[in-house]
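User: I'd like a close look at one part of this model, with whatever atom-level detail you can give me. Please start from a single residue, work outwards through its surroundings, and then tell me about the charge pairs and the cysteines.

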Amino acid sequence: MTIVVSRECTADDIRLLRQFSCCSNKEEPKEYEIDPQRYIRGLKESDFDEDVIKMILTTAQSEKIFAFAEYGYLEKPGTYVISWVASSAECTGNRLGASLLLIVLDEIGIDAFQCKRSHQVLTQIDPRNQASIQMFEHAGFEDTGVDQADSEYHIWQRTVDPHAGPREKREFITPNLFIEQ
């Protein structure tokens with residue numbers, strides 16, 4: 001069993017992000033696996049600002065990132081957008097990406113309450129990426145159809161319940177993840 005911690009990702013994590021791998025098949029990775037990995041590994045210090053939040057799952061004992069998510073609020077059209085949710089290839093099947101998605105949705109609910117913003121959340125998913133589709137469906141998202149701006153993707157949406165709450169790192173135990181100390 002391993003205690004996993006969620007926290008906001010900062011520019012100090014760039015070294016760890018460059019080691020992050022979400023491609024499960026390194027011989028022939030799928031394009032939808034390569035895109036987030038390319039993006040995550042390419043982050044620079046200037047990419048860390050208040051408008052776009054990056055969160056990670058890690059442990060206190062490890063210098064590894066097990067899942068990464070990025071989200072923010074777009075003034076136009078007045079909605080939250082989840083840009084990326086990716087879990088490490090070594091953690092496939094541990095639902096760490098899904099856990100981080102639920103944490104992000106909770107954070108969005110807190111932000112919507114505090115800032116009195118819309119509680120609509122959108123994301124864009126490649127229809128070939130069945131793992132992402134299942135993860136977002138399980139989290140209450142619905143497919144609204146082809147993205148008019150990029151026909152290779154579908155737009156998925158849901159609403160969150162705005163609520164008060166402290167913004168804090170969260171810890172939970174995952175039984176199937178073994179981390180060498």
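Analyst: What follows starts at Asp147 and then moves on to the strands, the salt bridges and the cysteines. One thing up front: this is a predicted model, and everything below is computed from it.

Let's begin with the aspartate itself. Asp147 sits in strand β6, which covers residues 142-147. What does a buried Asp147 do about a salt bridge? Nothing, as it turns out: Asp147 is buried yet has no salt bridge. The nearest side chain of opposite charge belongs to Arg128, and that is 13 Å away. A salt bridge needs a side-chain nitrogen of Lys or Arg within 4 Å of a carboxyl oxygen of Asp or Glu, so Arg128 doesn't qualify as a partner for Asp147.

Asp147 does have a polar neighbour, though. The side chains of Asp147 and Gln124 are joined by a polar contact of 2.6 Å. Leaving out residues up to four places away in sequence, Asp147 touches Gln124, Tyr153, His154 and Ile155. So that's the list to have on screen if you're looking at the surroundings of this carboxylate.

Now for the strands. β6 and β7 run antiparallel and are joined by five bridges, and a hairpin connects β6 to β7 through two residues. Two of the contacts of Asp147 turn up again in this pairing. His154 in β7 is the bridge partner of Val146, and Ile155 in β7 is the bridge partner of Gly145. On top of that, β7 (residues 150-159) pairs with β5 (residues 120-125), also in the antiparallel sense, over six bridges. As one example from that pairing, Val121 stands opposite Arg158 in β7.

Val121 also gives you a handle on helix α4. Ser132 lies in that helix, which spans residues 130-138. Ser132 and Val121 are eleven residues apart in sequence, and their C-alpha atoms are 15 Å apart in space. With a relative accessible area of 15%, Ser132 is buried.

Back to charge. What is Arg128 paired with, then? Its side chain meets that of Asp126 in a salt bridge, at 2.6 Å from N to O. The two ends sit in contrasting settings: Asp126 is buried, at a relative accessible area of 7%, whereas Arg128 is exposed, at 51%. Elsewhere, Glu75, Asp111 and Arg117 are joined into one network by salt bridges that share partners.

How many salt bridges does the structure hold? Eight. One of them is within a helix: Arg38 and Asp35 meet side chain to side chain at 3.6 Å, N to O. Both lie in helix α2 (residues 31-41), three residues apart, which is about one turn of the helix. Arg38 counts as exposed at 53% relative accessibility, while Asp35, at 22%, counts as partly exposed. Lys44 and Asp47 form another, with their closest N and O atoms 3.8 Å apart. Here both ends are partly exposed: Lys44 has a relative accessible area of 46%, and Asp47 comes in at 25%.

For one more arginine, look at strand β1 (residues 2-8), where Arg7 has its place. Arg7 is partly exposed, with a relative accessible area of 28%. Between Arg7 and Gln61 there are 14 Å in space, C-alpha to C-alpha, although the two are 54 residues apart in sequence.

Last, the cysteines. The structure holds zero disulfides. Why does Cys9 have no bond to Cys22? Because the sulfur of Cys22, the closest cysteine sulfur to that of Cys9, is 14 Å away, too far for a bond. Cys9 is also buried, with a relative accessible area of just 3%. Cys115, by contrast, counts as partly exposed at 39% relative accessibility.

So, to come back to where we started: Asp147 is buried with no salt bridge, but its side chain has that 2.6 Å polar contact with Gln124.

Note on methods
Residues are numbered from 1 along each chain as its sequence is written. This is a predicted model: local features need pLDDT of at least 70, side-chain atom pairs count only at pLDDT 80 or more; totals for chains, interfaces and linings use all residues. Side-chain values use heavy atoms; hydrogens and water are left out. Helices (H or I, at least four residues) and strands (E, at least two) are DSSP runs, numbered from the N terminus. Buried means under 20% relative accessible area, exposed over 50%, partly exposed in between (1.4 Å probe, protein chains only). Lys and Arg count as positive and Asp and Glu as negative; His and the chain ends are not counted. A polar contact is a pair of N or O atoms within 3.5 Å; within protein, one must be able to donate a hydrogen and the other to accept it, and residues adjacent in sequence count only if both atoms are side-chain atoms. Contact means heavy atoms within 4.5 Å. Two strands pair if DSSP finds at least two bridges between them. A disulfide is a pair of cysteine sulfur atoms within 2.5 Å.
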